[in-house]
Amino acid sequence: MVTAAAVTLGLAAMGSAQADTFASAILDINNFRLLNGAGVAYSAADFATLSGTNDAHATASWNGIFANGADSQPILSGIQPNVPRQCAGPSCPVLGENNFNRFVVPPSPGTFGYADQALTGSVISIGAVPAGAHAQTRADAATAANENITSGNSDVGTSTTFAFQLGQSDTMTVAFDANPYTAAFVSGDAGATSNANARLSWSINIVDLSTNTSVFSFAPSELNAESNVSRTDADPGLLEYNAAGQVFSFTATTPLLTAGTTYQITIQHNTLANALQQEVPEPATLAIVAAGLLSMSLVSRRRKS
């Protein structure tokens, strides 16, 4: 006979089912250069004034526990920010620093939030160092077990902001290659309200500081809206963006920038991932609990009679 002990056992076993949610966002921007009207990379000598910073941050979280890192370096220092990888969760992946390779899913690689960032090179030539910046970020979030409400969140960003005046009037062309990737996965046995989502965000904007108006902006859809992926318990499975690893090449040119006018460039580069999972009781456990409750009800009725 199934008794109250069986009901207790069944309740204790609830949540032991394996279910997975996972999200990943990786953005690799390479050979990023600012070119003059002749197609030659700008150098520090082409600017009458030039000042600003390269900033970076990485944040990972799991169930309200956060791991954070940040770094900032002057744009002309020749030193670029490199935030150490950040991870929060009971089963952080074994990845080396600045490892931007994809995870293979399913199943989920653990329960964690993970973030990493790297930046090398410069968008203009500085001294004898030629132009060509390489910026990489990744954000991953995963749940690999039913732990009531479990969530992992990661966001990573790299930004460059600097004010400048050109020595002579000219246009400025943005040229770079990009390899974007996002993935979202929810297993078929994940509980209600389980979800995973990932997205990228990249843009460049130039503002005329004398009028505080934007004179140029560029945000290719391949690195923004097209990269958004999501899965839910109502629509489980794996959804990837740019799974084949296509490298996109971009160029965009500003209108004429006048000498003596102070402009500000802001380049934003972000990857974000989120995964959440609700508790899912084992079907067998539910059967045991139901049978136990029925048995207890019958016993109670017999005692009353």
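**Exercise 1. Is Asn-242 buried or exposed, and what surrounds this residue?**

Solution. The structure is a predicted model, in which local features need pLDDT of at least 70, side-chain atom pairs count only at pLDDT 80 or more, and totals for chains, interfaces and linings use all residues. Residues are numbered from 1 along each chain as its sequence is written, and side-chain values use heavy atoms, leaving out hydrogens and water.

Step 1. Asn-242 has a relative accessible area of 12% and is therefore buried (buried means under 20% relative accessible area, exposed over 50%, partly exposed in between, with a 1.4 Å probe and protein chains only).

Step 2. Asn-242 sits in the loop that connects β12 (237–241) with β13 (248–253). Strands are DSSP runs of E with at least two residues, numbered from the N terminus.

Step 3. The side chain of Asn-242 has a polar contact of 3.5 Å with the side chain of Asn-179. A polar contact is a pair of N or O atoms within 3.5 Å; within protein, one must be able to donate a hydrogen and the other to accept it, and residues adjacent in sequence count only if both atoms are side-chain atoms. A polar atom of the Asn-242 side chain also lies 2.9 Å from the backbone nitrogen of Gln-246.

Step 4. Leaving aside neighbours within four places in sequence, the contacts of Asn-242 (heavy atoms within 4.5 Å) are Arg-102, Asn-179, Pro-180, Tyr-181 and Phe-248. Among these residues, Arg-102 lies over the face of Tyr-181, 3.9 Å from the ring centre; the criterion is NZ of Lys or CZ of Arg within 6 Å of the ring centre and within 35 degrees of the ring normal.

**Exercise 2. Trace the aromatic pairs that involve Phe-47.**

Solution. Step 1. Rings of Phe, Tyr and Trp (its six-membered ring) pair if their centres lie within 6.5 Å; planes under 30 degrees apart count as stacked, over 60 as edge-to-face and the rest as tilted. The count by this rule is 13 aromatic pairs.

Step 2. Tyr-42 and Phe-47 make a tilted pair, with 5.6 Å between centres and 45 degrees between the planes. Tyr-42 is buried at 3% relative accessibility, and Phe-47 is buried at 8%.

Step 3. Phe-47 and Phe-164 make an edge-to-face pair, at 5.5 Å centre to centre and 85 degrees between the planes. Phe-47 belongs to strand β2 (residues 47–62) and Phe-164 to strand β7 (residues 150–166), so this pair ties together parts 117 residues apart in sequence.

**Exercise 3. How many bridges join β2 to strand β3?**

Solution. Step 1. Two strands pair if DSSP finds at least two bridges between them. β2 and β3 (residues 65–74) run antiparallel and are joined by 10 bridges.

Step 2. Thr-59 stands opposite Asn-68 in β3.

Step 3. The two strands form a hairpin with 2 residues between them, and Asn-63 in the turn has a positive phi of about 50 degrees.

**Exercise 4. Where is Thr-262 found, and what does its side chain meet?**

Solution. Step 1. Thr-262 is found in the loop between β13 and β14 (263–277). Its relative accessible area of 26% makes Thr-262 partly exposed.

Step 2. The side chains of Thr-262 and Gln-165 are joined by a polar contact of 2.7 Å.

Step 3. The C-alpha atoms of Thr-262 and Ser-210 are 6.7 Å apart, although the residues are separated by 52 residues along the chain.

Key:
Helix = DSSP H or I, 4+ residues; strand = E, 2+ residues; numbered from the N terminus.
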